[in-house]
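This briefing introduces the structure shown below to a reader who has not met it before. It takes the domains first, then strand pairing, then the contact between chains.

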Amino acid sequence: MNWDRRAFVKFAVGAVVGLHASPLVPKLMDDSAIWTQNWNWVPNPEDGALAFANTVNPATGTGVKVRVIAGRLKGERLIRVEGNPEHPTSKGGVVPADASALQNLYYDDFRVKTPLILDQRTGMHVEASWEQALDLVAGKLAELHKAGQAHTVAALGTEAKTLDGELLSRFMAAYGSPNTSFNVSASDTLAMAGWAMTGEENLGFDLLGANYVISFGTPLLEGFGSPVAVRKAFAAWRKDFKRTGTLVQVEPRASVTASQADQWLAVKPGTEAAVALGLCQVLIQEGLYDRSIAGAALGFEDGDKGLGFKTLLAKNYSPGQVAQISGVPVETLITVAKAFAKEPKAVAVCGPGNGGEPGRLLDFMAVLALNALKGNLGKPGGLVARQPLGLKPLGEAVAYRGDKPRLDGLGTAKRPLGAADHLSLAKGALAGAPYKVNLALVAGGNPAFCAPQAGVVRDFLKSVPFVVAITPYLDESSSQAQVVLPCGTFLESWGDSLTPYGAAQAEYGLHRPLIKAYEKVKSQGDVILALAAKLGGAVAQALPHATAEAALKARTAGLGELAKLAKKSYVVQEKPVYGNLGFKTPSGKLEFFSMNLHNLAVKLSGEGGMAKVLKAMGVSAEGPAALMPHYEPPAALAKAGHGRLVLAAVASLRTPKGDQPITPYMLKVLDGDTLANKDQMVVEMNPQTAHDLHLYEGDLVKVTSTAGSTEARVHMFAGAAPGMVFMPVGLGHYASQNAYTYRRGGNYNQVAEATADPLSGLPTWGLTPVAVSKA
Amino acid sequence: MTTHEQGQAKRSGADWLLFVVGFVLFSALGFWGTPALLYAEKPQPFQFSHKVHMEQVSEGCKSCHSFREDGSFTGIPSTDKCKECHSDSPQGDTPQEKTFVEEYLNKGKPVDWQVYSKQPACVFFSHAAHAENAGLECKKCHGDHGDSEKLRTYQQNRLTGYSRDIWGSSILGMGDPPKRMKMDNCADCHRANGVRDACFVCHK
């Protein structure tokens, strides 16, 4: 036996066969398969006792149940958000933003877990203690106050009427600054329209009771009010494959709502109000209107104020004229108006724009007028007034006592109405007249990304020497801040939410800390209260509560015991209140000619100069018509044409509304018609429009407005109105801390240009003239 | 005679012995080396006698490994459960109990036991369905663990992170519960007892 090549080969083959005859290979294969189930990003919650906790997602108004698992070693962890079937309006449903809320809670890299202070030398945030961070902020605030510069502090909150909003407003007023702004919404516009025509600010649409609904450009099924509640109402109209409700959608794009509707009136952009007024005219000319209330309303007939609403309609909004304006055929207008009049429970709905904008006041007034003529005010399936929620104020009213003008011009002759919004504040501050901002406090939201014309707010924050952000996330706003204070998401903090837009029943949502996911994270209210306590004096007096929980307890004292309320998490008015709206107008009647608006204009100008005042408020109509529901072409349309297209937003439940960041799950469910190749935004254009611009499916284009520009791929969609380009919202985050959302598409808010809405003065950014060119 | 034929003639059958040697050596290496390489020994936080505890309680295993109100199984008891009998000071004189009371019980810290029977997370297993409804004894799967005086050495699979008890002590993967707790054991028992063994019964 020689140890030669052949012998070695025999030995080696024996070794290989021997090794394979051992359990090594099958065992390693089995273990490798199990190993693949244990990658560190695969969620693997510890076993433990399961419990459910109720809460309400303030971003969506959905009543949810959260599954909590109490692990023996790792403690509690939230593992799932599902619908709460007991919630009276959301009835167990959820939308993607609810279902994926835990991703924002547990996404470590993106969360602010400890106070951060910007290191000026390195430009990086470094961890700090609460004491250090609060001392730094309170020190700056005290310094500015001492120097008589308190008014140069601005605060940018989220929702004005929530607990957090009220705490912030009180803090700022007591500190001595008039500059507090919030997100504006369609609720502000509807309250103004209601105040102008009915004297009632809390109006809602009884969708569940209605069986004929005309929606004027609202994303009814894609994020209107509480999206789940609206979807439930829609589902009721389609129960058991029987159509018990008819939906008519008036919109320039074949949106989800339009495609689910029984009838889609494809209108020219921004002409929805003209269609509403055209329908009003048909009701009158056919004698199908309510004579007892609408017919007896102030300003209906010609009178001492001049021409009445009836004459105005006949003169300017005949079906022929409206067909000309809107592109809806005369016969269609007449058929829809007759069907609307015939149905006993019919309602016309106005609402937020597809990009979340607050809508146009004159459009809302036109829709209110249509409802009034239908005679559905206060009736089942109509326009109803909600009961007040019965919340108690946090103390005696605190108002700004200084003499410095507001930066956003609110309350001046140019902007007597409206609500304090981020864009106007930012524009005022950037202009530096009459003064610049020395410190900005961003509380809760992400205005540098989400505010209308976000680029302006971003530039404003960049221009401010000291920015403080109270936020759960390292986003576009907080990454610009000198001090970042961590506050919790709705799953880990105290707070509340008010009735979603347009709901027929008053709703109040409460959220409480369900988990202490990060040791140093506090409720936003607690941060404001801690700052107030540090500052002392008038600020501490205005905010005497020790904690956000205590403040919430005081606020909800009229609703019952806080512990019980928090556990249930909601208070919902049992059913809509039907009956006369009451008309708290100066005339005590429904008013087509708004005395409230008239009195305001008179107050500002004296009878003679009223026309001038209204012109300053952006109203182009003259005479009594200026204070009546009428149609004014959107400013954006005047600038369109000549090779320019009109940009509008695409609403979707798969993209976020408001300040909440899009979650990885929501990004994942976006299809190639919204986000191509995972990171390229897709804009829709009518094939003819694309053809005229020599563009083809999938072409990379640059969409440019005066506000900004972004790149996108073209998708040809016959359901898009010609001459328009439709863009999704909520994409295009550029704060690099969030790897999942970083540079996924572009930001609609940076391209859309905001203009002041006539009368309301609110920024509106639904339509923007843009140039589209090959990138 | 060609060179090849000359080479063949010179070779003896003994050459094949090398094949056998290679085979035996490396299959032995496989049998011995696989577990030695694959499993790491991990210490338990302290020693524990199931036997001592079983003598003190009236309801057997269930006294500590109980079901919650919703029917789910508590598994390893929490320190709160231990507090039902143990107090701030040790009842016996063993150093193990002293460690437990001082380091865990009094500090309210959960004991990070290495769990011999922990199944992968992709498996849904209901103790209530097996122990309550089907009336299986704990011993069926857990063997004499409840009567043991000492905790065995815990062997952890370096690749999967799970206990060796799942694959079983036999590296060949032979045997039935309590020696082995793999999926095929579950499926065999389900089939033998006329219970569905479809994937979704356990992999939800």
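In this predicted model, the C-alpha centres of domain 3 of chain A and domain 4 of chain A lie 27 Å apart. The points below set out how these domains meet, how strands of chain A pair, and which residues of chain B touch chain A.

**Domains of chain A**
- The domain assignment of chain A gives domain 1 as 48-110, domain 2 as 116-186 + 391-572, domain 3 as 203-385 and domain 4 as 635-774.
- Between domain 3 and domain 4 of chain A, 21 residues of the former are in contact with 27 residues of the latter.
- On the side of domain 3 of chain A that touches domain 4 of chain A, 9 residues are nonpolar, 7 are polar and 5 are charged.

**Strand pairing in chain A**
- Strand β28 (residues 768-774) of chain A pairs with strand β20 (residues 645-650) of chain A in the antiparallel sense, over 3 bridges.
- Within this strand, V770(A) is the bridge partner of L645(A).
- Strand β23 (residues 700-704) of chain A also runs antiparallel to β28(A), and 4 bridges join the two.
- Here V772(A) of β28(A) stands opposite V703(A).

**Contact between chains B and A**
- In the contact between the two chains, 37 residues belong to chain B and 29 residues to chain A.
- Helix α2 (residues 15-38) of chain B supplies 16 residues, the largest share of the side of chain B that touches chain A.
- That side of chain B comprises 21 nonpolar, 12 polar and 4 charged residues.

How values were computed. Residues numbered from 1 in each chain as written. Chains lettered and ligands numbered in written order. Predicted model: local features only at pLDDT ≥ 70, side-chain atom pairs only at ≥ 80, totals over all residues. Contact = placed C-beta atoms within 7 Å. Nonpolar A, V, L, I, M, F, W, Y, C, P; charged D, E, K, R; others polar. Pairing = 2+ DSSP bridges. Domains from an automatic or database assignment.
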